[in-house]
Amino acid sequence: MEFKNDLGKPWRWEEDGLTVTRSCAWSAPGCHPVGCGLKYYVDKEGKLVKVEGDENHPVTKGRLCIRCLTLKDVIYHPDRVLYPMKRDPKDRGNADAWERISWDEAYELIESEYHRIVDEYGPNAICCWCGTGRQGGIMHPYPAAVFGTNNAVDCLSGAACYSPRNIECFAMLGGWYPEVDMAAQFKDTYDDPRYKVPECILLWGKAPLASNGDGLWGHGLIELMKRGTKLVVVDPRVTWLANKAEYHLQIWPGTDTALAMAMNHVMISEGLYDKEFVDQWTWGFEQFAERVATMPPERAAEICGITAEEIYEATRFYAKANPSAVMWGLGCDQQENACQLGQAMIGLMSLTGFLDAPGGTTVGGAEGYGNINFGTDKISEEVKMMTIGLDQYPCYCEFFQYGESSNALKAMETGEPYPIKMSMFTGNNMMVCNGAEPKRWHDALLGLEFNIGLDLWMTPSIQASCDVMLPLSTFVEQDGGVTPYYGGTNVYTGALNKAISVGECKSDLEITLELGRRIHPEWFEEIPDLNTWINEIEWAQKYDFKNISEEVVHQHGDDIFSYYKYKTGRQREDGQIGFETQSGRVELYTTLFEYYGEDPLPHYDPSNRSHEVLVDLKDKYPLKLTTGARNYAYFHSEGRQIPYLRETHPDPIVRIHPEDAAARDIHDGEWVVIENEIGKCQMRAEVTPIVKKGMAQADHGWWFPEMDGNEPTLYGAWKSNINLLLPTGPKYIGKLGLGAPYKCNICEITKGEVGINA
Ligand SMILES: Nc1nc2c(c(=O)[nH]1)N[C@H]1C(S)=C(S)[C@@H](COP(=O)(O)OP(=O)(O)OC[C@H]3O[C@@H](n4cnc5c(=O)[nH]c(N)nc54)[C@H](O)[C@@H]3O)O[C@H]1N2
Ligand SMILES: Nc1nc2c(c(=O)[nH]1)N[C@H]1C(S)=C(S)[C@@H](COP(=O)(O)OP(=O)(O)OC[C@H]3O[C@@H](n4cnc5c(=O)[nH]c(N)nc54)[C@H](O)[C@@H]3O)O[C@H]1N2
Ligand SMILES: [Mo]
């Protein structure tokens, strides 16, 4: 493959006594591909003195997100952990008991605990707690693979971030999940003659300006709107984009499946669909049509809290656009109905015939990165069969080769089906961010014999539970790659080019490589150096780090990307035309779901956290609650200690409608208690008509680095933690192990505070 650096600048040069390095930022899955393009200015002492946007980056073109603008404050923050540390397990929760150690001592301690525990209990007694993970999420399984355990566990209940969407797409399209074609694969982007600007984008449960202000979905959507794209937005809140939309369907949280089924029904019953595509390329259309007909707009309107007229009109507008595309977000994963919603959403994408069309919705094909399996391919079948949660949720565990969170939590608490004894945090702050019922996670972790923290900061989760802390570098301090969103729809790939070093911090890649060599040297014989490790685990050996490093951003053009892959054989591994499913078509009737015991056609069930189900709690907790809509300042639980970020968003916020606030005598800016029968926490009320009357929307991921780190305060981990109101366990997870009610819960809000120990 030929690599040309035709973006204008070399990757590194000298300027006015400073070394300038071009690089990319990473942000986590959910908002890929590839964060801001950056230029680092480093002085002779090796200190970063200035950060600027890289005008050569094909998408961000010199613009920087607020988090990149504060990079220097992050990197040189006095709270950053700069050296490996250890602490006696009896001192867990004591912030003053840490002792600095060398990397060698840290590795040796981990090795000896590893051998002690694995010899007695087997490798699956180790869990690796995965969260957003950074490094494109692609890093997730590697720490687990290094230990030889198959228990990489995303603590998020129902794996409710991208996993539902990925599996729906795998089941129905036999491909990685689809995204709007935003022309980023072409050098001339939107002006490339092969491209068509979508007339309509259906934006569903996604807020890309906040959630991807550093990459394609944020910048691209605005560029497309400037070129005429109109929006249909499905969101319980009025967002900036909803305000600019042709139609805004402001539904109740968690009722999406009813709406999506009704929209399919309107398209089918009014003949507003691409008959040729449906005839040739879909499977089970008749049964699908029959099923969605059980949800006419009049019925959906009642469930969703909008009018049937709105549903008819918005659907017709979307269905008549040429081309149209669908952009769907976390709102679609964070409900127990996630899989059913996915079925209906893929129905909406397919009925238009614009799947994989220019300016349509691009399906991830066989030639993308696909599954990268280093490590998991070294784990024995016996260990894989014992993956935690595999018997209850085989669909999820088999597809991702992950353990399942509610089963892992239960195993820690009860020792059943086998004991968990050791764990490592790999990009996870479960006590304040991804874990539901976070106090259970806290207590369970304290029962383990050895916990390793890997982070840039001392977090509440690590402070409470870890015995060794390994300091991580930021992306400015490391070589590596920024991979696009999961799987095959890859449009461009970026390099992280190391420009500085800080303290003794190392990257996840450096740490896993070193640990792997010590623990399983035979597995690492083919990985002589860091570059090979980068190529292996970030790019499945398809690219060489050296090339991408110098190119900084590689746009894929035709090497991975092409339109209508299902017509040319590029959608399937075997090169046959069609989709990589049982039937070779888009499975509107989803045989894989049927195989795993789920309904093959979409249906709507009210959430187990809805007033429809919790009838007896409706008077006590009358508000519907959605949580975690992204904001510009923070990446999940990160950034609270960065002054400029904190200034833009100083306190945790819960948004409530003016009439609901008045009825409770709540004024804008007051502290309030948010409560349901599971738990409570406090936030500041923002009284605003952007939320529907009868609902509330709360921030997630809050802790207070400025507060006492010792138990029981733990940096205020229990003060404003909205996950204290969230349940986990099978009743609140979709049947396939996918989807959980982070975005559809109930609560009451009253004036007051809970203090540090809700
Ligand atoms: N209520 C509610 N809760 C939610 C959500 C919601 O919408 N509502 N969203 C959920 C979603 S989608 C997700 S993905 C989860 C995320 O949940 P988490 O993964 O727990 O959250 P983060 O704060 O992103 O990251 C955890 C830690 O990773 C550290 N970190 C940063 N960079 C690196 C790195 O390079 N390597 C490693 N090893 N660690 C690093 C950070 O400092 C942080 O302490 O939260 C979820 N929690
Ligand atoms: N700044 C910043 N960017 C991030 C992150 C971050 O923490 N901070 N996290 C990253 C990660 S890991 C992820 S997964 C992505 C997620 O980013 P997105 O996919 O954009 O998801 P959210 O911002 O959680 O929610 C999107 C919209 O869904 C709406 N919503 C809430 N409940 C419902 C519902 O029941 N139905 C529908 N239809 N809509 C609903 C919210 O009001 C919000 O406007 O963001 C990524 N980008
Ligand atoms: Mo996420």
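Domain bounds here come from an automatic or database domain assignment. The model is predicted: local features need pLDDT of at least 70, side-chain atom pairs count only at pLDDT 80 or more, and totals for chains, interfaces and linings use all residues. Residues are numbered from 1 along each chain as its sequence is written, chains are lettered from A and ligands numbered from 1 in the order in which they are written, and side-chain values use heavy atoms, with hydrogens and water left out.

**Exercise 1. Find out what the second largest cavity looks like and which domains line it.**

Step 1. Let's start with the method: rolling a probe the size of a water molecule over the atoms shows where empty space is left. A cavity is a set of points, on a 1 Å grid over the protein atoms alone, where a 1.4 Å probe fits but cannot get out; lining residues have an atom within 4 Å of a point.

Step 2. Count them: there are 6 cavities of 30 Å³ or more. The second largest holds about 610 Å³ of space, where volume is the space filled by probe spheres set on the points, joined across faces, edges and corners.

Step 3. Now the walls. That cavity is lined by 39 residues, with L330, G628, A629, R630 and K743 the closest to its centre. Its lining splits into 15 nonpolar, 14 polar and 10 charged residues (Ala, Val, Leu, Ile, Met, Phe, Trp, Tyr, Cys and Pro count as nonpolar, Asp, Glu, Lys and Arg as charged, the others, Gly among them, as polar).

Step 4. Domain 2 (179–362 + 572–595) and domain 3 (615–751) each supply at least three residues to this lining.

**Exercise 2. Work out where ligand 2 sits and what touches it.**

Step 1. Ligand 2 sits in that second largest cavity, meaning that more than half of its atoms lie within 2 Å of the grid points.

Step 2. Around ligand 2 are 31 residues, the closest being S211, D235, D256, Y634 and H636 (near means a heavy atom within 4 Å).

Step 3. Look for polar contacts, pairs of N or O atoms within 3.5 Å. Polar side-chain atoms of R237 and K743 come to 2.8 Å and 2.9 Å from an oxygen atom of ligand 2, while a backbone N or O atom of Y634 is 2.6 Å from a nitrogen atom of the ligand.

Step 4. Ligand 2 lies between domain 2 and domain 3, because both give residues to its shell.

**Exercise 3. Do the same for ligand 1: which residues and domains surround it?**

Step 1. Ligand 1 has 33 residues around it, and C433, D455, D508, S637 and N723 are the closest.

Step 2. The side chain of D455 has an N or O atom 2.6 Å from an oxygen atom of ligand 1. For R630 the matching side-chain distance is 3.0 Å.

Step 3. Domain 1 (85–160 + 372–555) and domain 3 (615–751) each give at least three residues to this shell.

Technical notes. Polar contact = N/O pair within 3.5 Å; in protein donor to acceptor, adjacent residues only side chain to side chain. 1 Å grid on protein atoms, 1.4 Å probe; cavity = no way out; pocket = protein on both sides within 12 Å on 5 of 7 lines; lining within 4 Å.
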